[in-house]
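Biologist: Could you walk me through this one and show me how each label was earned?
Modeller: Sure, let's put it up and take the labels one by one.

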Amino acid sequence: MAKRLRDYELLQTYPVVIVHVMAVIGLVMAAMGNVPWEAWALCFTLYWVRMWGVTAGYHRYFSHRTFKTSRVFQFIIAIVAQSSAQRGVLWWAAHHRDHHKFSDQERDVHSPIQHGLVHAQIGWIYDHNGKTDYARVKDMCKFPELVVLNKVWVVPTILLAVLCTAWLGWAGLLIGFGLNTVLVWHGTFTINSLSHVWGNTRYETGDTSRNNWILAIITMGEGWHNNHHHFMNSARQGFFWWEFDMTYYTLKALSWVGIVWDIKAPPARVYGADLEAPASARDVKAESVSSIEAA
Ligand SMILES: [Zn+2]
Ligand SMILES: [Zn+2]
């Protein structure tokens with residue numbers, strides 16, 4: 001059932017509103033010819049850097065632990081992820097683990113099936129979901145620096161805004177940071193909303209997850225969401241060579257220079273038996289989520 005406007009914590013949405021207004025003002029400035037090319041280059045580059053923080057960081061590392069890295073690089077990934085203004089890594093991972101455990105059920109906080117597309121896209125963040133459930137991310141709580149960073153989650157975002165402004169003034173703030181933030185937000189959020197509505201289903205996962213190549217391009221590989229729901233413990237979400245998965249390629253490249261290692265691959269069965277005779281999806285899912293938490 002779609003939520004009513006009064007169900008949301010509307011007073012807390014002001015930062016999101018402000019950033020959207022910044023983006024609109026930036027576009028008006030651009031239409032008037034007041035934005036240098038460097039600001040567009042910054043916007044373009046930061047899109048991929050911050051999206052990588054979301055996909056490799058929030059998602060494939062902190063939520064699913066699909067590869068290993070050093071404690072220092074782990075912290076760096078967390079900072080890059082949080083520069084995208086999607087709250088703390090522990091908050092993100094805790095909610096995401098619930099998304100897999102309760103996909104499309106009542107406890108799935110951003111299911112478009114439960115409360116509609118707008119709720120799944122952005123509304124859920126303001127639906128009394130601001131607290132971090134540390135019990136869901138015990139494995140990550142053993143790093144005190146992550147717990148602290150999770151509490152002061154907005155600091156990397158503010159630092160980025162300051163740097164953009166220091167370099168290119170208003171154009172840096174409004175286009176390099178503001179418009180960029182809006183694009184990264186909505187690009188990411190398509191996975192919560194459209195990836196459970198638009199695309200193809202390869203595996204019977206017991207939920208509405210879909211594979212969609214357009215969403216895979218804008219999210220660096222997250223659009224292979226049905227693959228991911230089928231086997232969430234793989235760092236590679238584009239299971240086949242033709243399934244573009246930029247995040248996975250970058251992780252592979254980082255492994256060649258020893259920055260990350262133990263990159264988990266999909267099991268052989270996803271290319272064979274699972275295509276014809278899917279296992280009981282709910283059992284596999286519960287098992288996978290538990291194994292992450294127990295680690
Ligand atoms: Zn999903
Ligand atoms: Zn996931």
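**How the labels were earned**

Modeller: Let's start with Ala-85, which sits in the loop that runs between α3 and α4. Keep in mind that this is a predicted model.

Biologist: What makes Ala-85 count as buried or exposed?

Modeller: A residue needs 20 or more other C-beta atoms within 10 Å to be called buried. Ala-85 has 20 C-beta neighbours inside 10 Å, so it counts as buried. Its backbone deserves a look too: phi is positive, about 60 degrees, although Ala-85 is not a glycine.

Biologist: Which residue in the loop between α6 and α7 can we set beside that?

Modeller: His-128, in the loop between α6 (117–121) and α7 (138–141). His-128 also isn't a glycine, and it has a positive phi of about 60 degrees.

Biologist: And why is His-128 called buried or exposed?

Modeller: The exposed label goes to residues with 12 or fewer such neighbours. His-128 has 11 C-beta neighbours inside 10 Å, so exposed it is.

Biologist: Back to the loop between α3 and α4, then. How do you know whether Gly-88 is buried or exposed?

Modeller: Gly-88 is in that loop, and 24 other C-beta atoms lie within 10 Å of it, so it is buried. Setting aside residues up to four places away in sequence, Gly-88 touches Gln-82, Thr-132, Leu-149, Asn-150, Lys-151 and Trp-153. There's also a pairing across the sequence: Gly-88 and Val-147 are 59 residues apart along the chain, yet 8.7 Å apart in space, C-alpha to C-alpha.

Biologist: Some of those partners belong to α8. What makes people say the buried residues of α8 line one face?

Modeller: The buried residues of helix α8 (residues 144–151) are Leu-146, Leu-149 and Asn-150. Looking down the axis of α8, they fall within an arc of 100 degrees, so they line one face of the helix. As background, an α-helix has 3.6 residues a turn, so residues three or four places apart point the same way. On the other side of α8, Pro-144, Glu-145 and Val-148 are exposed.

Biologist: What covers the buried residues of α8?

Modeller: The cover includes α3, α4 and α7. From α3 (residues 71–82), look at Ala-78. Beyond its neighbours within four places in sequence, Ala-78 is in contact with Gly-57, Val-89, Leu-146 and Leu-149.

Biologist: Why is Ala-78 called buried?

Modeller: It has 27 other C-beta atoms within 10 Å, and the cut-off is 20 or more, so buried is the right word. Ala-78 also lies 12 Å from Arg-60, C-alpha to C-alpha, with their positions 18 residues apart in sequence.

Biologist: Now α4. How do you know whether Trp-92 is buried or exposed?

Modeller: Trp-92 lies in helix α4 and has 25 C-beta neighbours inside 10 Å, so it counts as buried. Leaving out residues up to four places away, Trp-92 touches Tyr-58, Phe-62, Ser-63, Gln-86 and Arg-87. Its C-alpha atom is 13 Å from that of Ala-135, which is 43 residues away along the chain.

Biologist: How do α2 and α4 meet?

Modeller: The axes of α2 (residues 37–63) and α4 (residues 89–101) come within 9 Å and cross at roughly 65 degrees. The crossing is right-handed. α2 brings Gly-57, Tyr-58, His-59, Phe-62 and Ser-63 to the contact, while α4 brings Val-89, Trp-92, Ala-93, His-96 and Arg-97. By class, that's five nonpolar, four polar and one charged.

Biologist: Zooming out, what makes the protein as compact as a globular one?

Modeller: It has 14 helices and two strands. The radius of gyration is 19 Å, close to the 19 Å that the globule rule gives for 295 residues, so the protein is as compact as a globular protein of that length. The C-alpha atoms fill a box of roughly 60 × 50 × 40 Å along the principal axes.

Biologist: What share of the residues is buried?

Modeller: 46% of the 295 residues. As for contacts, among those between residues at least 6 apart in sequence, 69% join residues at least 24 apart.

Definitions and conventions: Residues are numbered from 1 along each chain as its sequence is written. Chains are lettered from A and ligands numbered from 1 in the order in which they are written. This is a predicted model: local features need pLDDT of at least 70, side-chain atom pairs count only at pLDDT 80 or more; totals for chains, interfaces and linings use all residues. Axes are lines fitted to C-alpha atoms, for helices over the stretch in contact, and angles run from 0 to 180 degrees between N-to-C directions. Helices (H or I, at least four residues) and strands (E, at least two) are DSSP runs, numbered from the N terminus. A crossing is left-handed if the near helix is turned anticlockwise from the far one by less than a right angle, and right-handed if clockwise. Two residues are in contact if their C-beta atoms, placed from the backbone, lie within 7 Å. Ala, Val, Leu, Ile, Met, Phe, Trp, Tyr, Cys and Pro count as nonpolar, Asp, Glu, Lys and Arg as charged, and the others, Gly among them, as polar. The radius of gyration is taken over C-alpha atoms; the globule rule is 2.2 Å times the number of residues to the power 0.38. The arc is that of the directions from the helix axis to the C-beta atoms.
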